[in-house]
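How does one justify the words used to describe a protein model? The structure is shown below for study.

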Amino acid sequence: MQRLYWRIYLALLASLTAAATLFGLAHLRYGAAPAAMQGFRGHLAMLALLLAIAVVVAVAAFPVVRRLTRRLERLQASVDAWGTGNLSSRVAVEGRDEIARLAMSFNQSAGRIEALMSAQRILLANASHELRSPLARIRMAIELLSEAPSVAVRAELARNVMELDQLVEEVLLASRLDGTSVHASSRTVVDLTALVAEECARATARFAGVRVKMSGDAVLLRRMIRNLLENAQRHGGGTQILVTLTACANEIALEVHDGGAGVLPSECEAIFTPFYRARGANEGDGGYGLGLSLVRQIARQHGGEVRCIAAETGGGRFRVALPR
């Protein structure tokens, strides 16, 4: 690794070596001169020698120092541009020294922040769009209200309010999870089998699994399991949901199956995008909201991953792999 201080050190060493060489040559030239020539002319010669040494050191050190300051000026200009709102601003990485590593660190940090800001903008834009549907239904229901609203109207209002509440909660959770990791203080030993069994009972899903415990955030893991089951209920067409939990030496696998229409192979990755709507789906069919996006975020926060598997026999199948 070429280091900056070595380059400065070598430049100064070369300057001093050149200066010492000049001094030695001058000593050989004037040291053996007659006494008559060692007076005023000797002092002038020594002064000229010192001036020559200063010039040599300055000339030799200037390119190194100027190159260093020029790179620092470019780094400062990029940081200033980034601070004014140009989040795409990056610094050219030159060399392999400390300034180059500083530029690389700045570029990586700027890239992460730009990605987070972009994700936040997309999230807010999609959330505002998704909020319009339940709000429009609530507005219509209010306009149809009479002095004694029917049971169906009250149920529709309650459902829309609950949908809005859940959407707001998911938006807040997604914002909290973006760019963060599960804090050590929130990690505990979680009985994952118990969590899955409780959520399966709540969703009337069949569960088969082994006893598994892991380190993690129990609240987030419960939300991950619940979102998978709610997705299966929403897109499973009322079919039976099957949940399995297995474990090996270094991995825990949670799978959720439903008997619905399933997911096209071309959309197995896209459905994890916030508020993704399948091809050909209309407004009434609904989309995937933030549920599956949160599942992926929570899995990754725990060092795992989730994927959708296009089952040959049809139906939706999701597999979460977590480290043990």
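The following questions and answers concern this predicted model.

Q: How do you know that the protein chain holds both helices and strands, and in what order do they come?
A: The protein chain has 7 helices and 7 strands. Read along the sequence, they follow the pattern α-α-α-α-β-α-β-β-α-β-β-α-β-β.

Q: Why is Val 59 called exposed?
A: The relative accessibility of Val 59 is 55%. Exposed requires over 50%, therefore Val 59 counts as exposed. This residue is located in helix 2 (residues 40-83).

Q: What makes the nonpolar surface patch that includes Val 59?
A: Leu 51, Val 55 and Val 59 make this patch, with an area of about 290 Å². For the protein chain as a whole, about 19000 Å² is exposed, and carbon and sulfur atoms supply 62% of that area.

Q: How do you know that strand 1 and strand 3 pair?
A: Pairing needs at least two bridges. Strand 1 (residues 188-191) is joined to strand 3 by 4 bridges, so the two strands pair, and they run antiparallel. One of the partnerships links Thr 188 to Gly 216 in strand 3.

Q: What makes the two faces of strand 3 unlike: which residues are on the covered face and which on the uncovered one?
A: In strand 3 (residues 213-216), Met 214 and Gly 216 form the covered face, while Lys 213 and Ser 215 form the uncovered one. In a regular strand, side chains alternate between the two faces of the sheet.

Q: What share of the residues in the protein chain is buried?
A: Buried means under 20% relative accessible area. Of the 324 residues in the protein chain, 34% are buried.

Technical notes. Residues are numbered from 1 along each chain as its sequence is written. This is a predicted model: local features need pLDDT of at least 70, side-chain atom pairs count only at pLDDT 80 or more; totals for chains, interfaces and linings use all residues. Side-chain values use heavy atoms; hydrogens and water are left out. Buried means under 20% relative accessible area, exposed over 50%, partly exposed in between (1.4 Å probe, protein chains only). Accessible areas come from the Shrake-Rupley method with a 1.4 Å probe; for residues, only the protein chains shown count as cover. Patches are made of residues with over 30% relative accessible area and no salt bridge: like charges are joined within 9 Å, nonpolar side chains (Val, Leu, Ile, Met, Phe, Trp, Tyr) within 5 Å. A salt bridge is a side-chain nitrogen of Lys or Arg within 4 Å of a carboxyl oxygen of Asp or Glu.
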